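User: Hi! I am new to reading protein models and would love some help with this one. Could we go through it together, one question at a time?

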Amino acid sequence: MMFNKAARYYELTKPKVVALIVFTAVVGIFLATPGWPPLNALLAGTLGIALASSSAAAINHLLDQRIDAIMVRTRNRPLPQGDLSERQVLVFAVTLGILSMLVLVVWVNALTAVLTFVSLIGYAIIYTAWLKRATPQNIVIGGAAGAAPPLLGWTAVTGQIDPGAMLLFLIVFVWTPPHFWALAIHRRLDYAAAGIPMLPVTHGVTYTRWHIFFYTILLVLITTLPYLTGMSNLLYLAGVSVLNLGFLWYAWRLLKAGDSGEDETLPMQTFSYSVIYLMLLFVFLLADHYLQNFLS
């Protein structure tokens with residue numbers, strides 16, 4: 001029984017999402033310095049960002065419990081199933097948030113703590129409680145909070161916001177809409193039933209496909225900037241070029257699918273590829289960074 005309860009608390013943290021967030025933050029930590037990052041930034045920074053992300057995820061469960069009970073994808077979450085109470089989730093979320101701030105203030109730096117708190121509020125309150133229900137551009141505006149982790153990792157090392165950190169932020173920010181809109185196409189009936197004005201619900205699937213395609217083109221341009229600005233070299237350029245061709249291929253297939261039966265599988269294929277895309281892009285950034293330092 002205790003194990004089941006712990007598992008449900010763990011589920012509140014959205015572990016797969018948090019893992020991707022923490023991974024980009026860790027890469028940001030390593031990219032911020034030519035050598036090995038300070039242990040306080042690596043260990044305490046990673047822990048603090050992970051705790052804040054988990055807190056935001058738990059608050060998201062709390063605020064979205066009504067629509068979670070309606071949507072097929074989320075109806076088995078702890079709150080809709082009655083496995084945890086609102087009070088338990090609130091205490092859990094607040095505890096994680098406080099621990100996050102303590103870790104970052106005491107062992108990292110004040111700037112990272114402040115930016116992490118702003119990111120937490122941006123996702124958990126501004127996006128979840130307001131933007132998600134207010135506009136079909138919710139994921140574009142709210143994407144700023146989700147794009148913060150690599151910047152937070154960078155500031156954990158340097159204590160300041162550098163151009164490289166902002167470029168990492170921009171990459172994730174532009175990646176977010178095509179990533180999430182692909183999922184929204186697949187789950188559009190769920191969102192419609194829950195009354196959430198996602199783009200495919202308010203403007204239709206074809207309109208959303210075009211937006212995915214245009215944002216993918218923009219992403220290709222943005223992800224070339226690390227090479228063009230001298231932040232990365234040929235290893236990154238080669239890797240990201242292959243990744244971008246793959247993303248463009250999925251976006252183009254999605255655009256041309258029309259109302260064929262293939263349309264039902266392509267959005268999730270595109271969504272899945274976008275996750276792999278972001279992970280590998282950050283792997284290439286990291287590998288190029290240390291190869292560059294090894295050769296210099």
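Analyst: Gladly! Let's start with one residue, aspartate 83, which has a relative accessibility of 33%. Buried means under 20% and exposed means over 50%, with partly exposed in between. At 33%, aspartate 83 therefore counts as partly exposed.

User: Which residue does aspartate 83 form a salt bridge with?

Analyst: This is a predicted model, so keep in mind that the atom positions come from a prediction. In general, side chains of opposite charge can pair when their charged atoms come close. Here the closest N and O atoms of the pair are 2.7 Å apart, and the partner of aspartate 83 is arginine 8.

User: How many residues apart are arginine 8 and aspartate 83?

Analyst: The salt bridge between arginine 8 and aspartate 83 links distant parts of the chain. Arginine 8 sits in helix α1, while aspartate 83 lies in the loop between α5 and α6. Along the chain, the two are separated by 75 residues.

User: Is arginine 8 buried or exposed?

Analyst: The cut-off for buried is under 20% relative accessible area. Arginine 8 has 15%, so the label for this residue is buried.

User: How many salt bridges does the structure hold?

Analyst: One of them joins aspartate 64 to lysine 132, with closest N and O atoms 2.5 Å apart. That pair links the loop between α3 (39–63) and α4 to helix α7 (residues 110–134). Another joins aspartate 190 to arginine 187, at 3.9 Å. In total, the salt bridges number six.

User: Why does arginine 187 count as partly exposed, and what is its relative accessible area?

Analyst: Partly exposed covers the range between the buried cut-off of 20% and the exposed cut-off of 50%. Its partner aspartate 190 counts as buried because its relative accessibility is 11%. Arginine 187 falls in the partly exposed range because its relative accessible area is 23%.

User: Which residues does proline 177 contact, leaving aside its neighbours within four places in sequence?

Analyst: Proline 177 is found in helix α10 (residues 163–186), and it is buried, with a relative accessible area of 1%. Its C-alpha atom is separated by 5.8 Å from that of valine 140, although the two are 37 residues apart along the chain. With those sequence neighbours left aside, the contacts of proline 177 are Ile139, Val140 and Tyr215.

User: What does threonine 74 touch, not counting residues up to four places away in sequence?

Analyst: Threonine 74 is in the loop between α4 (65–70) and α5 (78–81). At 1% relative accessibility, threonine 74 is buried. Not counting residues up to four places away, threonine 74 touches Ile67, Asp68 and Pro80.

User: Which residues form the nonpolar patch on the surface?

Analyst: One member, leucine 102, is in helix α6 (residues 86–107) and counts as partly exposed at 46% relative accessibility. Together the patch has about 420 Å² of accessible area. Its members are Leu90, Val94, Ile98, Leu99 and Leu102.

User: And the chain as a whole: what is its radius of gyration?

Analyst: The secondary structure comes to 15 helices and zero strands. The globule rule gives 19 Å for 296 residues, and the chain is close to that, so it is as compact as a globular protein of that length. Its radius of gyration is 19 Å.

User: Where in the chain is confidence highest?

Analyst: The mean pLDDT of the chain is 93, and 97% of its residues reach 70 or more. Confidence is lowest in helix α1 (residues 2–12), at a mean of 82. At 98, the highest confidence is in helix α9 (residues 149–158).

Note on methods
Residues are numbered from 1 along each chain as its sequence is written. This is a predicted model: local features need pLDDT of at least 70, side-chain atom pairs count only at pLDDT 80 or more; totals for chains, interfaces and linings use all residues. Side-chain values use heavy atoms; hydrogens and water are left out. Patches are made of residues with over 30% relative accessible area and no salt bridge: like charges are joined within 9 Å, nonpolar side chains (Val, Leu, Ile, Met, Phe, Trp, Tyr) within 5 Å. Accessible areas come from the Shrake-Rupley method with a 1.4 Å probe; for residues, only the protein chains shown count as cover. A salt bridge is a side-chain nitrogen of Lys or Arg within 4 Å of a carboxyl oxygen of Asp or Glu. Helices (H or I, at least four residues) and strands (E, at least two) are DSSP runs, numbered from the N terminus. Buried means under 20% relative accessible area, exposed over 50%, partly exposed in between (1.4 Å probe, protein chains only). Contact means heavy atoms within 4.5 Å. pLDDT is the predictor's confidence in each residue, from 0 to 100. The radius of gyration is taken over C-alpha atoms; the globule rule is 2.2 Å times the number of residues to the power 0.38.
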